[in-house]
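Here is a short briefing on a protein and its DNA. Look at the structure first, then work through the points below.

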Protein chains: 2
Amino acid sequence: MSTESNHLRKAGLKVTLPRMKILEMLESSETRHLSAEDVYKSLLESGEEIGLATVYRVLTQFETAGLVARHHFEGGHSMFELNEGDHHDHILCVKCGRVDEFMDETIEKRQRQIAQDAGYEITDHSLYIYGICPDCRSKA
Amino acid sequence: MSTESNHLRKAGLKVTLPRMKILEMLESSETRHLSAEDVYKSLLESGEEIGLATVYRVLTQFETAGLVARHHFEGGHSMFELNEGDHHDHILCVKCGRVDEFMDETIEKRQRQIAQDAGYEITDHSLYIYGICPDCRSKA
DNA sequence: CTACGGATGCAAAAGCTTCTCATTATTATC
DNA sequence: GATAATAATGAGAAGCTTTTGCATCCGTAG
Ligand SMILES: [Mn+2]
Ligand SMILES: [Mn+2]
Ligand SMILES: [Zn+2]
Ligand SMILES: [Zn+2]
């Protein structure tokens with residue numbers, strides 16, 4: 001009874017090989033932020049024959065279950081990362097694609113205040129800072 | 001010599017009928033935030049025969065020229081709005097699609113600080129707050 | 001007014017994501 | 001452990017937004 005299968009069961013999802021492999025992939029990947037295509041290709045390289053449609057379906061189910069978070073970075077396609085409970089926002093390098101994370105309570109607080117002032121009941125937010133990372137700056 | 005044609009010339013763009021009509025559309029629209037499809041359909045309704053490909057091309061040129069800003073709200077497709085010089089962020093209703101705008105100097109400042117702390121040279125940022133707007137809340 | 005180069009429209013194609021449906025695997029029950 | 005009901009999967013087709021190729025058209029410098 002592995003940790004992964006428990007996560008799946010707790011999420012109300014049947015324990016299937018594709019779901020296990022995708023979850024393991026997300027946990028073990030060097031890169032925290034992966035596209036569906038990334039996950040698909042990595043699985044192929046590991047010798048796992050899992051269809052791209054299944055990868056998309058499973059990632060969406062994981063999102064609904066709260067196991068992963070979906071992000072819409074610039075570039076159009078969705079990026080997924082394991083949800084470790086802690087909310088955070090992202091700062092991305094426009095040169096190399098590097099992604100760093102941060103959390104700023106001052107910003108979080110101001111956001112809640114802004115929503116309240118505008119009469120909105122806040123459900124979510126997304127904040128992306130784009131720039132040139134230290135490595136790319138020194139290379140230039 | 002209308003204001004619109006001057007804007008185009010200043011941006012280094014030839015003054016063509018499609019570009020004029022699209023610019024007028026953006027200026028006169030009730031809704032500040034429009035998709036390419038929105039612009040295309042509105043032009044059709046006004047009796048202007050402008051191809052969708054041209055709408056996309058022109059909006060991209062306007063963006064490059066700094067005449068419009070492109071946003072990536074949830075839902076995948078790009079939204080455009082006339083650039084009036086002032087930077088602002090957005091708060092959106094997940095029920096009805098309403099879009100409100102805000103600018104918070106505290107958040108702007110914190111963002112610059114976060115980028116600096118992470119060693120990034122900031123180029124841009126995008127902040128979207130999602131929630132339920134006053135109207136939709138009272139209806140529920 | 002002419003001629004050149006850029007702009008346009010249409011259709012085709014691209015890129016990402018979802019859907020359809022026949023087949024297969026999982027799980028509750030015996 | 002075998003069985004039946006039910007859900008999940010894979011392959012390809014389809015959907016949507018956006019881009020591109022190319023023949024034709026138009027704006028503008030001269
Ligand atoms: Mn992250
Ligand atoms: Mn706006
Ligand atoms: Zn970089
Ligand atoms: Zn609303």
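How many residues surround DNA strand D, and which are the closest? The count is 19, and the closest are Thr16(A), Thr54(A), Arg57(A), Tyr56(B) and Ser78(B). Keep in mind that this is a predicted model. The points below start with the two chains, move to each DNA strand, and end with helix packing.

**Chain A on its own**

- Chain A contains six helices and six strands.
- Reading from the N terminus, its elements follow the order α-α-β-α-α-β-β-β-β-α-β-α.
- Along the principal axes, the C-alpha atoms of chain A fill a box of roughly 45 × 45 × 25 Å.

**How the two chains are related**

- In general, two copies of a chain are related by a rotation about an axis and a shift along it.
- Here, a turn of 180 degrees and a shift of 0.0 Å along the axis lay chain A on chain B. The RMSD of this fit is 0.0 Å.
- The two copies are therefore related as by a two-fold rotation axis.
- Within chain A, Leu127(A) has the C-alpha nearest the axis, at 2.2 Å from it.
- Both copies use the same surface, since 100% of the contact residues of chain A recur in chain B.

**Around DNA strand D**

- Three helices each supply at least two residues of the surface near DNA strand D. They are H2 (17-28) and H4 (52-65) of chain A, and H4 (52-65) of chain B.
- This surface near DNA strand D has eight nonpolar, five polar and six charged residues.
- Which parts of DNA strand D lie within 4 Å of the protein? Of those atoms, 71% belong to sugar or phosphate, and the rest belong to bases.
- Thr16(A) has a polar side-chain atom 2.6 Å from a phosphate oxygen of DNA strand D.
- Tyr56(B) also has a side-chain N or O atom by a phosphate oxygen of DNA strand D, at 2.4 Å.
- For Lys14(A), the partner is a sugar or linking oxygen of DNA strand D. That oxygen is 3.0 Å from an N or O atom in the Lys14(A) side chain.

**Around DNA strand C**

- DNA strand C has 19 residues around it. Those that come nearest are Tyr56(A), Ser78(A), Thr16(B), Thr54(B) and Arg57(B).
- Of the atoms of DNA strand C that come within 4 Å of the protein, sugar and phosphate account for 71%.
- The side chain of Thr16(B) places an N or O atom 2.7 Å from a phosphate oxygen of DNA strand C.
- A polar side-chain atom of Arg19(B) is likewise 2.7 Å from a phosphate oxygen of this strand.
- Glu49(B) makes its contact through the backbone: a polar backbone atom is 3.0 Å from a phosphate oxygen of DNA strand C.
- H4 of chain A, together with H2 (17-28) and H4 of chain B, are the elements that give two or more residues to this surface.
- H4(B) provides the largest share of the surface near DNA strand C, with four residues.
- By class, the surface near DNA strand C divides into seven nonpolar, six polar and six charged residues.

**Helix packing in chain A**

- H2(A) and H4(A) pack at about 70 degrees, and their axes are 10 Å apart.
- Because of that angle, H2(A) is roughly perpendicular to H4(A).
- H2(A) brings Pro18(A), Arg19(A), Ile22(A), Leu23(A) and Leu26(A) to the contact. H4(A) brings Thr54(A), Val55(A), Val58(A), Leu59(A), Gln61(A) and Phe62(A).
- The residues of this contact are eight nonpolar, two polar and one charged.

**Helix packing in chain B**

- At what angle do H2(B) and H3(B) pack? H2(B) and helix H3 (residues 36-45) of chain B pack at about 105 degrees, with axes 10 Å apart.
- That angle is why H2(B) counts as roughly perpendicular to H3(B).
- On the H2(B) side, the contact is made by Lys21(B), Ile22(B), Met25(B) and Leu26(B). On the H3(B) side are Val39(B), Ser42(B) and Leu43(B).
- The contact of H2(B) with H3(B) has five nonpolar residues, one polar and one charged.

Conventions. Residues numbered from 1 in each chain as written. Chains lettered and ligands numbered in written order. Predicted model: local features only at pLDDT ≥ 70, side-chain atom pairs only at ≥ 80, totals over all residues. Heavy atoms only, no water. Near = heavy atom within 4 Å. Polar contact = N/O pair within 3.5 Å; in protein donor to acceptor, adjacent residues only side chain to side chain. Nonpolar A, V, L, I, M, F, W, Y, C, P; charged D, E, K, R; others polar. Axes fitted to C-alpha atoms, helices over the stretch in contact; angles between N-to-C directions. Parallel < 35°, antiparallel > 145°, perpendicular 65-115°, else oblique. Contact = heavy atoms within 4.5 Å. Least-squares fit on C-alpha atoms with pLDDT ≥ 70 in both.
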